[in-house]
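Grab your viewer and a coffee. Here are a few exercises on charge pairs and pockets, each with a worked solution.

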Amino acid sequence: MSVLVYTESEQNTFKKTAFEVASYAKAVADQLGTTVTAIAINTDDVTPLGNYGVAKVLKVNHPALNTFSANTYADAIQQAAKAEQAQVVIVSSSADSKYLAPLLAVGLEAGYASNVVATPSSTAPFTVKRSAFTNKAFEVAEITSTVKIIGVSNNAFGLVESSASATAVDFSPVLADSGVTVTAVDKATDKVTIADAEIVVSAGRGLKGPENWGMVEELADVLGAATACSKPVSDLGWRPHGEHVGQTGKPVASNLYIAIGISGAIQHLAGINASKVKVVINTDPEAPFFKAADYGIVGDAFEVVPQLIEKLKAFKAS
């Protein structure tokens, strides 16, 4: 019996979350006195997983998995879990994993705890701590099913190196065609994605128009951050919808979240509340975001941000 972890990848490269869930899986495996097996889909070089405690990697390459389909991916992971007799299956809290995890839970007759922020406080009974109420509270949940599925909250556990030699074996699940046809996929390959970003720089209507986004992108470049925006900005067409963060957009759990010209509607705050440090720049001292922020600057973004960029460049140069 091993702990099985699904390690996500993109363009034949593991995402940062893959190493985080592998680190978490190793900690759980140590508690249970067993080892970690990873399932890696369409990823050639799986050796980096060994640096985070993975002992065995099931390499899967199948035409039905060339594009993401929650049903097909859940089916492949389910077959791997059964083959390995895994009683604990660990996934991330990415949009893809949150989509496939409930399907996986049905197939394995497993209990599923999402947004888990710590290793189990007990393994008998199996008890985990998870965030609830859009990260405003914590819940202690007990999973009583034989097979347990854990969705690890992004950036909650971090990366923990644990040198191991990962043995790779080919795994060939029996999969039906998903019935979904993808005609085209356009992805930005030269930018940090919101899902993997340690730092996110986000802006709202306070920037007054798309022509002023250059300073946001420059600040993001200096910090090695991803760029994001509020819902009104994407609705107005100033920025792509893929950059919309919040409860109705992409959730953010970065180590640092900088909000420029965003008032802080409840839906936006709910989606970024898992970020560890929140900084707001706004001209309105009564903006709701100030109540949620760790640090706040009351000032004009067109004056504050260029100065911030200048100081950061000087700091990095020294």
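Buried means under 20% relative accessible area, exposed means over 50%, and partly exposed is in between (1.4 Å probe, protein chains only). This is a predicted model, so local features need pLDDT (the predictor's confidence in each residue, from 0 to 100) of at least 70, side-chain atom pairs count only at pLDDT 80 or more, and totals for chains, interfaces and linings use all residues. Residues are numbered from 1 along each chain as its sequence is written, and side-chain values use heavy atoms, with hydrogens and water left out.

**Exercise 1. Work out where glutamate 217 and arginine 239 sit and how they pair.**

Step 1: Glutamate 217 makes a salt bridge with arginine 239, with 3.1 Å between the closest N and O atoms. A salt bridge here is a side-chain nitrogen of Lys or Arg within 4 Å of a carboxyl oxygen of Asp or Glu.

Step 2: Locate the partners. Glutamate 217 belongs to helix α4 (residues 214-223), while arginine 239 is in the loop between α5 (231-235) and β15 (256-260), so the pair links distant parts of the chain, 22 residues apart. Helices (H or I, at least four residues) and strands (E, at least two) are DSSP runs, numbered from the N terminus.

Step 3: Apply the cut-offs. Glutamate 217 counts as partly exposed because its relative accessibility is 28%, and arginine 239 counts as buried because its value is 12%.

**Exercise 2. Do the same for aspartate 235 and lysine 231.**

Step 1: These two form a salt bridge whose closest N and O atoms are 2.7 Å apart.

Step 2: Both sit in helix α5, four residues apart, about one turn of the helix.

Step 3: Aspartate 235, at 47% relative accessibility, counts as partly exposed, and lysine 231, at 38%, counts as partly exposed too.

Step 4: Look for a network: Glu217, Arg239 and Glu243 are joined into one by salt bridges that share partners.

**Exercise 3. Is glutamate 8 buried or exposed?**

Step 1: Glutamate 8 has a salt bridge to lysine 15, the closest N and O atoms being 3.6 Å apart.

Step 2: Glutamate 8 is buried, and lysine 15 is buried as well.

**Exercise 4. How many salt bridges does the structure hold, and where is confidence lowest and highest in the chain?**

Step 1: The structure holds nine salt bridges.

Step 2: The chain's average pLDDT is 92, and 98% of the residues score at least 70.

Step 3: Confidence is lowest in strand β2 (residues 9-10), with a mean of 89, and highest in strand β6 (residues 88-91), at 98.
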